[in-house]
Structures are given as C-alpha cells and as structure tokens.
Amino acid sequence: MTTDHTPSRPLAGGGSAAAWLTHEEQSAWRGLLRMQAQLGAHLNRELTARSGLALPEYAVLVTLAEHPGAELRPSELGKELGWEKSRVSHCVARMQAKGLVERVPCPNDQRGNYVVITRAGHETLDRAASAHVGDVRAAFVDHLSPAQLATLADISATVLAVLHQAQRGAAPTASSGSSTPDGLGRRV
C-alpha cells in the first residue's frame with residue numbers, strides 16, 4: 001500500500017484541487033485530532049469531578065475574570081473563545097442558572113447586555129483553578145521538554161495567525177502570530 005497520496009482531489013464547492021496528505025502529514029494531523037479530543041475529554045472529566053464545572057464553563061469564567069470588571073458583551077465573549085453565538089448563549093444560560101454569571105444591561109446600548117462573573121463564579125473559579133492546572137501539568141505539560149513546549153507554542157502561534165488572517169480576509173505573514181500558546185495570553 002502506498003502512503004504518498006500526491007494526486008490532487010477537487011474540493012467541495014468547486015474550489016481548487018488540494019494535494020492529499022503525505023503519510024507524515026496525515027500522521028501529524030490525526031495525532032493532533034486524537035490528542036485534542038482525548039486531552040479535552042480527560043480534562044473535562046477531571047474538572048467536572050473536582051469542581052462541578054464543565055471545561056467550557058471554566059473557559060468562560062477564565063475569560064471573564066481576565067477582563068476589566070470581569071465582564072464582556074456576549075459577542076466579545078464568543079470572539080475570545082472562538083464560539084458561535086448560540087453556543088455562548090446556551091453556556092451563559094446554564095451558568096446563569098448556577099449563579100456563576102449574570103447578564104446586566106449595557107448602559108450605552110439599551111438592547112445589549114454584558115455577561116458578568118458573580119462572586120460565586122469567582123469563588124468557583126478560584127477553587128477549580130489550582131486543581132485544573134495540576135491536571136493540565138499531569139496530563140500534558142510535565143511530559144514535554146522545554147524545547148517541545150516552545151515548538152508547540154510556535155506551531156500554535158503560526159496556525160492561529162493564519163486562521164486570524166483568514167477570518168479578516170488578509171493573507172497571513174510569517175511574522176504574524178502570538179507569543180502565547182493559546183494566542184490570547186490567558187491562563188489555562
């Protein structure tokens with residue numbers, strides 16, 4: 001069986017043809033997908049068992065806590081997290097029912113509101129953060145060398161820069177990127 005799939009294949013929607021992935025490219029891509037899925041599932045299970053928070057709820061609390069006033073408009077929150085409007089709405093509604101966040105009217109826009117972390121949300125985040133960071137270390141960080149972490153940070157910055165430029169409709173540049181692994185400079 002040959003692993004070099006160099007013939008081009010037409011893209012859906014009539015776009016230009018794309019070359020098949022080589023064995024090495026496919027191995028890296030599928031490995032990334034498997035790692036992301038399994039690591040996310042593991043961290044979600046651990047976080048939920050320890051704190052009652054799901055990983056998306058934790059992400060919302062971290063994002064809010066790191067902004068002035070611990071508040072963001074739902075559209076800004078979605079942009080920060082890379083989520084669609086409906087996902088933000090459903091997650092915020094669940095968190096609101098748990099008392100972790102609240103919606104408050106925007107003083108400058110009568111139709112808009114802010115999602116604000118509550119005292120209970122801050123307390124829950126504080127209780128969950130240390131154990132979650134320990135889980136991230138135990139499942140991921142502690143198994144990689146400093147050189148591997150630096151390479152991963154560079155890879156992440158490169159891909160995130162390409163995606164960011166594509167969303168803006170501009171061609172990416174080699175130097176456009178972020179110095180942080182998540183591209184947002186946030187804690188885990």
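Trainee: What is the strand order in the open sheet of 3 strands?
Mentor: The order is β3-β5-β4, and the pairing is antiparallel. Keep in mind that this is a predicted model.

Trainee: Which strands stand at the edges?
Mentor: β3 (71-72) and β4 do. Each has a single partner strand, so one side of each has no neighbour in the sheet.

Trainee: How many bridges join β4 to β5?
Mentor: There are 6 bridges between β4 (residues 101-106) and β5 (residues 109-117), and the two strands run antiparallel. A hairpin of 2 residues connects β4 to β5.

Trainee: And which residue in β5 stands opposite Arg 103?
Mentor: That is Val 115.

Trainee: Stepping back, how many helices and strands does the protein chain have?
Mentor: The protein chain has 6 helices and 5 strands. Along the sequence, the pattern reads β-β-α-α-β-α-α-β-β-α-α.

Trainee: What share of the residues is buried?
Mentor: Of the 188 residues in the protein chain, 24% are buried. The accessible surface of the protein chain is about 12,300 Å², and carbon and sulfur atoms account for 56% of that surface.

Trainee: What about contacts between residues at least 6 apart in sequence, how many join residues at least 24 apart?
Mentor: In the protein chain, 44% of those contacts do.

Trainee: Now helix α1. What span should its 29 residues have?
Mentor: Helix α1 covers residues 23-51, and at 1.5 Å a residue it should span 42 Å. The C-alpha atoms at its ends are 41 Å apart, which agrees with the expected span.

Trainee: Which residues in α1 are buried?
Mentor: Leu 39, Leu 43 and Leu 47 are buried there. The cover over the buried residues of α1 includes α2 (55-65) and α5 (119-139).

Trainee: What comes just after α1?
Mentor: Gly 52 does, with a positive phi of about 80°.

Trainee: Which residue has a positive phi although it is not a glycine?
Mentor: Ala 70, where phi is about 50°. Ala 70 lies in the loop between α2 and β3.

Trainee: Is Ala 70 buried or exposed?
Mentor: Buried, because its relative accessible area is 8% and the cut-off for buried is under 20%.

Trainee: You mentioned α2. Where is Thr 63?
Mentor: Thr 63 is in helix α2. Its relative accessibility is 0%, so Thr 63 counts as buried.

Trainee: How far is Thr 63 from Leu 77 in space?
Mentor: The two are 7.5 Å apart, C-alpha to C-alpha, with their positions 14 residues apart in sequence.

Trainee: Changing topic to the surface: which residues form the nonpolar patch?
Mentor: The patch is made up of Leu 21, Trp 29, Leu 32, Leu 33 and Met 35. Together they have about 440 Å² of accessible area.

Trainee: Where is Leu 21 found?
Mentor: Leu 21 is in the loop between β2 (18-19) and α1.

Trainee: Why is Leu 21 called partly exposed?
Mentor: Because its relative accessible area is 34%, and partly exposed lies between the cut-offs of 20% and 50%.

Conventions:
Residues are numbered from 1 along each chain as its sequence is written. This is a predicted model: local features need pLDDT of at least 70, side-chain atom pairs count only at pLDDT 80 or more; totals for chains, interfaces and linings use all residues. Side-chain values use heavy atoms; hydrogens and water are left out. Helices (H or I, at least four residues) and strands (E, at least two) are DSSP runs, numbered from the N terminus. The expected span of a helix is 1.5 Å times one less than its number of residues. Buried means under 20% relative accessible area, exposed over 50%, partly exposed in between (1.4 Å probe, protein chains only). Contact means heavy atoms within 4.5 Å. Two strands pair if DSSP finds at least two bridges between them. Patches are made of residues with over 30% relative accessible area and no salt bridge: like charges are joined within 9 Å, nonpolar side chains (Val, Leu, Ile, Met, Phe, Trp, Tyr) within 5 Å. Accessible areas come from the Shrake-Rupley method with a 1.4 Å probe; for residues, only the protein chains shown count as cover. A salt bridge is a side-chain nitrogen of Lys or Arg within 4 Å of a carboxyl oxygen of Asp or Glu.
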